[in-house]
Amino acid sequence: MNAEARRLKAVFVLGPTASGKTHVALDLARRFPVEIVSVDSAQVYRGMDVGTAKPTAEERASVPHHLLDILDPTDAYSAGRFREDALRLIGEIHARGKVPVLAGGTMLYFRTLTQGLAELPPAQPALRTALDRRAAAEGWPALHAELAKVDPVTAARFEPTDAQRIQRALEVYRVTGRTLASLLRDTAIPALAFDSVRIVLEPSDRAVLHERIARRFHAMLAAGLVEELAALRERYVLHADLPSMRSVGYRQAWQVLDGLGDREGLADKGIAATRQLAKRQLTWLRSMEGVERYDCLRPDLAESVAARVEGFLSRPRGT
């Protein structure tokens, strides 16, 4: 495989949690001259290692990884900032003669990278205050149900308690009279300066994925998820509504540390929340076009993906 053939190309590896994205990306790194760019809204945070299934020190030493540990958990990160960072990193990786592999499960980031950002109205403080008051009285699940009536596509991608995103979607609808889904759909798609192959990992048997999720969450608890969060709360001034602390696993562990739940029930709550996350991720994936779908449960997954990537990297760009 010559360097010219792989110039200005990228590999995307998308999938729900526990689908094997990290394993596939690392396998590609053993076979090809690549660098890995994380597409994960929680792995950007320093100190959040156990609950995000962040690559180990050994894995990170074996191949360059990007967009890990770039922010404190008190900070916020956005899809727009991810797009800027990812495009910059892709250019830098190409300049080094390597192939960027973008792997992760934050589907909004993938969508923003490939389809750009919709022009949305600015925040409306008075409207947000009104929505907050309603949520205080009725609960965010009630506002999520309202959103589901006017914009079911968007509502399906949000948790019923995802206050920030529910509020924004309702705000956009009230201000523009259009759903967030329709505005995103009609966004002009910017041309990317590179070719890509977009690999989607999906389970042929959802029950097996659920078993993987359960095993992984139990392993996170054994590795010290609650203790990790306790240390973060001592190091930083955190609150439960921060984007970092709304991440699955950390949100449930926060409740335990606040005395709102017990460790005995933490596993069940965390596993259920992770399954809901996987369901939302799969909803995103089903709507994506121009992707190549692989059963993440097949025993030869890594080899099959590698064969496809080898063919993609070997052919001339644009063909």
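The following paragraphs describe the central sheet of a predicted model, the helices that lie across it, and a binding site listed in a record. Local features are reported at pLDDT of at least 70 and side-chain atom pairs at pLDDT 80 or more, whereas totals for chains, interfaces and linings use all residues. Residues are numbered from 1 along each chain as its sequence is written, and side-chain values use heavy atoms, with hydrogens and water left out.

The sheet is open and consists of six strands in the order β3-β2-β4-β1-β5-β6, with parallel pairing. Its edge strands are β3 (65-66) and β6, each of which pairs on one side only. Strands here are DSSP runs of E with at least two residues, helices are runs of H or I with at least four residues, and both are numbered from the N terminus; two strands pair if DSSP finds at least two bridges between them.

Strand β5 (residues 195-202) is largely enclosed by the rest of the structure, because six of its eight residues are buried. Buried means under 20% relative accessible area, exposed over 50%, and partly exposed in between, for a 1.4 Å probe and protein chains only. Strand β5 pairs with β1 in the parallel sense over six bridges; Lys9 stands opposite Asp195, and Phe12 stands opposite Arg198. With β6 (residues 292-295), β5 forms a parallel pairing over four bridges, in which Ile199 has Glu292 as its bridge partner.

Two helices lie across these strands. Helix α4 (residues 107-115) crosses β1, β2 (34-39), β4 (99-104) and β5, at about 155° to β1. Helix α14 (residues 301-314) lies across β1, β4, β5 and β6, and runs at about 165° to β5. Axes are lines fitted to C-alpha atoms, for helices over the stretch in contact, and the angles run from 0 to 180 degrees between N-to-C directions.

The loop between β1 (9-14) and α1 (21-31) contains Thr17, one of the residues that an unreviewed UniProt entry lists under "binding site". Such annotations may be inferred rather than shown by experiment. Thr17 counts as buried because its relative accessibility is 8%. Setting aside residues up to four places away in sequence, Thr17 touches Leu209, Ile213, Arg216, Thr274, Ala278 and Gln281, where contact means heavy atoms within 4.5 Å. Thr22, also in the UniProt list, is found in helix α1 and counts as partly exposed because its relative accessibility is 35%.

Helix α12 (residues 250-257) is mostly covered, with six of its eight residues buried, among them Tyr250 and Trp254. These buried residues pack against α11 (225-235) and α13 (263-286).
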